[in-house]
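Got your viewer open? Let's take a short walk through this model, one selection at a time.

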Amino acid sequence: MQATLLPLTPSLSLYKSQSSLSSSSSSSSSIFNPSFSSSSFPSSWKLPLVSSSSSSKLISLTPLHSSNHLQTKATTTAAADSSSESSSLFKALELGILFCLWFSFNIYFNIYNKQVLKVYHLPVTLTAVQFAIGTLLVGFMWGLNLYKRPKLTSSQLLAIFPLALVHTLGNLFTNMSLGKVAVSFTHTVKSMEPFFSVLLSSMFLGEMPTAWVVFSLVPIAGGVALASATEASFNWVGFLSAMASNLTNQSRNVLSKKLMVNKEESVDNITLFSIITVMSFFLSLPLAIFMEGVKFTPTYIQSAGLDVQQVYIRSLLAALCFHAYQQVAYMILERVSPVTHSVANCLKRVIVIVSSVIFFQTPVSPINALGTGIALSGVFLYSRVTRIKPKTD
C-alpha cells in the first residue's frame with residue numbers, strides 16, 4: 001500500500017500502513033518652500049529708495065523668470081517625494097513578506113523535523129541530511145549564478161571554520177533536544193540564549209553588561225526554571241541538549257566578532273551562511289557515520305518498520321525549511337538593525353511555541369505556561385536594553 005503526503009496532521013503516517021505494520025501517531029513601514037524677505041537678500045541686491053509722487057518704494061531685484069523656475073522646482077520636488085514614498089512603501093512590503101516567510105519556514109521546519117525525529121531516532125544522521133540538502137541548494141545557486149560564487153583566501157577559510165564547527169554542533173544539539181522533548185519546551189529552554197551571549201561576551205570579548213542587561217536575565221532564568229519544573233515531557237537529555245545548543249550558537253556570535261575583524265577579508269552575511277553550510281555538511285557526514293552508521297538507506301528505514309516515502313519526504317521538507325528560514329533571517333538582518341532583528345526573533349519563538357502546542361496538542365499546565373511567558377518576557381526586555389547582535393537561528 002503506497003502512502004501519500006500530505007496534509008499536515010499531528011498523526012504522522014511515517015510507519016508502514018496497517019497491511020504491514022501498525023501505524024504510529026505523534027502529538028505533538030523638504031518640499032521646496034522658499035521664504036523671501038528683504039533681509040534675506042545680500043545688500044548688493046537692494047536699490048536705494050526712489051521718490052514717487054506720493055511715497056517711496058523699495059525696489060528689489062528679482063529675476064523675471066523666477067516664478068516659472070520656482071514652479072518647476074516645486075513640481076520636481078513633489079515628484080521626487082512621491083517616488084520616495086512609493087519606494088519606502090515597497091521596502092516595507094518587502095520586509096513584511098520576509099518576516100512572514102521567516103516565521104512560516106521556522107514553524108514548518110519544527111513540525112516536520114519533530115515528526116521525523118519521533119520515529120527516526122538518529123539526530124546526527126538527520127542533521128547531516130539537512131546540511132547535505134543545504135549544500136545542494138548552495139551549489140545550485142552558485143552554479144546557475146543566482147548568487148556570486150565567492151573567492152576565498154586561506155585566511156578567510158581558517159577564520160570561518162570555527163564558525164562552521166559551532167554551527168554544526170548547535171543544530172545537532174537542537175535536533176537531539178527535539179527528539180527527546182516537546183518542541184515548545186526545546187524553544188523555551190533556547191530562550192536562555194541571551195544568558196550565554198552575555199556570559200561569553202564578557203569572558204572572551206571584555207564586553208561587560210549593563211545593570212539593565214543583567215536585570216533582564218533574571219526573568220529569563222526564572223521562567224525557564226519554572227517551565228522545566230512543570231514540563232510533562234521533561235528529561236535531562238533533551239534539557240541539556242537544548243542548553244548545549246544555546247552555548248554553541250552563542251559561541252558562533254562571539255567567534256564572529258573575535259575572528260572576522262579584518263574588513264578587507266570580510267564577506268557578506270548570505271555568502272558567509274552559504275560557506276558555513278557547506279563546511280557543516282563535511283563536518284557532520286563523518287560524524288554521523290562514526291556515531292550512527294549508514295542508516296538513511298531505504299533498506300534500513302524499511303527494516304525499522306517505517307514508511308520510506310514518508311520519512312524521505314518529511315526529511316526533505318524539514319531540510320528545505322531549515323535552509324530557507326536561516327537564509328531569510330540573514331536577508332532580514334541586512335535590512336534592519338540588530339535590535340529590531342532580536343525583537344523579531346523573540347516574536348518568532350513565541351509563534352513557534354504556540355503553533356507547536358496547538359499542532360501537537362502538547363499538554364501545558366498553567367504554571368508551565370506562566371514560566372514560558374516569564375522567560376519570553378525577559379528575552380523581549382533583553383532585546384530592548386542591549387545592542388548585542390543576535391543570532392539568526
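Start with the whole chain: of its 393 residues, 43% count as buried. Keep in mind that you're looking at a predicted model. Switch on the surface, and you'll have about 20,300 Å² of accessible area in view, with 66% of that belonging to carbon and sulfur atoms.

Now go to the cartoon view. The protein chain has 12 helices and 2 strands. Trace the chain from the N terminus: the two β elements come up before the α elements.

Next, head for the rings. The whole structure holds 20 aromatic pairs. Select Phe109 and Phe322 to see a tilted one, so called because the ring planes sit at 40°, with the centres 5.4 Å apart. This pair links distant parts of the chain, as its residues are 213 apart: Phe109 is in helix α1 (residues 66-119), while Phe322 is in helix α10 (residues 308-333).

Are these two buried or exposed? Phe109 has a relative accessibility of 4%, so it counts as buried. Phe322 is buried too, with a relative accessible area of 4%. Add Phe131 and Tyr325 to your selection, and you have one aromatic cluster together with Phe109 and Phe322.

Last stop: the surface. Pick helix α5 (residues 193-204) and find Phe195 in it. With a relative accessible area of 33%, Phe195 falls between the 20% and 50% limits, so this residue is partly exposed. Now select Leu199, Met203 and Phe204 along with Phe195: they form a nonpolar patch on the surface, and together they have about 380 Å² of accessible area.

How values were computed: Residues are numbered from 1 along each chain as its sequence is written. This is a predicted model: local features need pLDDT of at least 70, side-chain atom pairs count only at pLDDT 80 or more; totals for chains, interfaces and linings use all residues. Side-chain values use heavy atoms; hydrogens and water are left out. Patches are made of residues with over 30% relative accessible area and no salt bridge: like charges are joined within 9 Å, nonpolar side chains (Val, Leu, Ile, Met, Phe, Trp, Tyr) within 5 Å. Accessible areas come from the Shrake-Rupley method with a 1.4 Å probe; for residues, only the protein chains shown count as cover. A salt bridge is a side-chain nitrogen of Lys or Arg within 4 Å of a carboxyl oxygen of Asp or Glu. Helices (H or I, at least four residues) and strands (E, at least two) are DSSP runs, numbered from the N terminus. Buried means under 20% relative accessible area, exposed over 50%, partly exposed in between (1.4 Å probe, protein chains only). Rings of Phe, Tyr and Trp (its six-membered ring) pair if their centres lie within 6.5 Å; planes under 30 degrees apart count as stacked, over 60 as edge-to-face and the rest as tilted.
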